[in-house]
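Please open the model in the viewer and keep the selection panel at hand. The tour begins at the ligand and then moves to the domains.

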Amino acid sequence: MSNAALSEAGGLQARPLTSVVGAEITGIDLGDVSDAHFAFVREAFDRFAGLLFRDQDLTPDQLVAFSRRFGDLDHAPVMENGRTAVPGLPEVYLVSNIKGSDGKEIGSLGSGEAVWHTDMSYLAAPPDISMLHAIEVPPAGGDTWLCGMNAAYQALPEDLKRRVEGLRIKHDGTYNSGGYVRQGVTPTDDPRESPGTYHPVVIAHPHTGQPLLYLGRRRMAHIEGLGLAESEALLDELWSYATQEKSAYRHNWRIGDVLMWDNRATMHRRDPFDASARRLMRRTQVKGATKPVAYTG
Ligand code: SIN
């Protein structure tokens with residue numbers, strides 16, 4: 001991003017959060033984003049793959065309007081409580097452990113750990129972008145981590161890069177990142193038989209063309225054509241390059257934070273937190289414009 005672009009965008013700044021993933025954008029109100037500011041944000045997003053905006057006082061409609069600048073939005077998936085969406089706001093999904101007056105949690109994922117994953121990669125065209133807006137945060141825990149999948153690819157030894165050329169991973173659709181079985185799915189122990197979609201192990205970023213290691217989630221993954229033991233060993237090896245905490249960004253939430261990530265260029269996870277504390281995030285999801293396409297160099 002050039003200095004000219006910085007000044008043209010009227011005082012916006014992008015401050016890298018780690019050496020491989022994420023930047024904080026300052027000087028912007030996401031409730032009122034000019035075209036010039038949006039161009040800056042779009043460019044920063046392709047470069048850093050994750051963006052943080054602090055102190056955003058947004059209505060759910062404003063969150064939806066900002067999210068829509070990036071593309072069509074998915075309707076919120078069915079939550080663990082069996083509800084499909086926030087009434088009147090079909091694009092807003094709640095991530096929350098708070099219980100409503102009926103005693104049921106009002107959102108998804110509870111207070112436990114959410115393991116490293118890419119959102120909904122069991123679909124043929126997984127969502128391109130996810131965005132969280134913090135409404136209530138616990139006093140401790142519940143941090144969200146991002147890791148960069150271009151850096152993960154670059155970290156692979158050359159022989160491993162060659163070994164995975166042309167291979168595909170089955171992205172399982174049985175469990176969500178909190179370990180909950182998705183609505184309407186009967187679990188099986190054999191990853192070759194579970195519902196899901198095969199995607200290339202290394203994909204090209206749809207905008208930048210960069211190679212990205214595309215792993216989805218570890219549980220019930222399978223590498224096409226390999227026996228279970230060989231598939232597990234290769235998956236373990238690939239995962240060991242992707243989720244090293246020293247190169248990941250750890251986000252400690254404040255109320256009003258908006259964190260968005262590129263679902264192909266990053267993976268994310270969440271720390272557990274005290275179940276008696278309250279955490280509420282509003283989430284939107286930008287539809288996948290394309291299927292993940294293999295990187296061919
Ligand atoms: C998610 O995994 O999409 C939610 C992450 C979080 O709750 O911070």
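How many Å separate an oxygen atom of the ligand from an N or O atom in the side chain of R283? The distance is 2.9 Å. The model under inspection is a predicted one, and the values given along the way are computed from it.

**Stop 1: the ligand and its polar partners.** Keep R283 displayed and add T144, where a polar side-chain atom lies 2.5 Å from an oxygen atom of the ligand. Next, add H268; here an N or O atom of the side chain is 3.3 Å from a ligand oxygen atom. On its own the ligand has 260 Å² of accessible area, and the protein covers 99% of this.

**Stop 2: the surrounding shell.** Extend the selection to the residues around the ligand: V95, L109, H117, D119, L132, T144, H268, R270, R279 and R283. By class, this shell comprises three nonpolar, three polar and four charged residues.

**Stop 3: the two domains.** Colour residues 3-139 together with 252-286 as domain 1, and residues 149-242 as domain 2. The C-alpha centres of the two domains are 24 Å apart. Domain 1 brings 28 residues to the contact, and domain 2 brings 27 residues.

**Stop 4: the interface.** Display the surfaces where domain 1 meets domain 2. About 2,100 Å² is buried between them, with 58% of that area coming from carbon and sulfur atoms. On the domain 1 side, select Y122, R264 and M267: these lose the most area to domain 2, and together they account for 32% of what that side buries.

**Stop 5: polar links across the interface.** Finally, which count applies to residue pairs in polar contact between domain 1 and domain 2? There are 10 such pairs, both residues being at pLDDT 80 or more. A search for salt bridges across this interface returns zero.

Key: Residues numbered from 1 in each chain as written. Predicted model: local features only at pLDDT ≥ 70, side-chain atom pairs only at ≥ 80, totals over all residues. Heavy atoms only, no water. Near = heavy atom within 4 Å. Polar contact = N/O pair within 3.5 Å; in protein donor to acceptor, adjacent residues only side chain to side chain. Areas by Shrake-Rupley, 256 points an atom, 1.4 Å probe, with all protein chains shown as cover. Nonpolar A, V, L, I, M, F, W, Y, C, P; charged D, E, K, R; others polar. Domains from an automatic or database assignment. Contact = heavy atoms within 4.5 Å. Buried area = accessible area lost by both parts, 1.4 Å probe. Salt bridge = Lys/Arg side-chain N within 4 Å of Asp/Glu carboxyl O.
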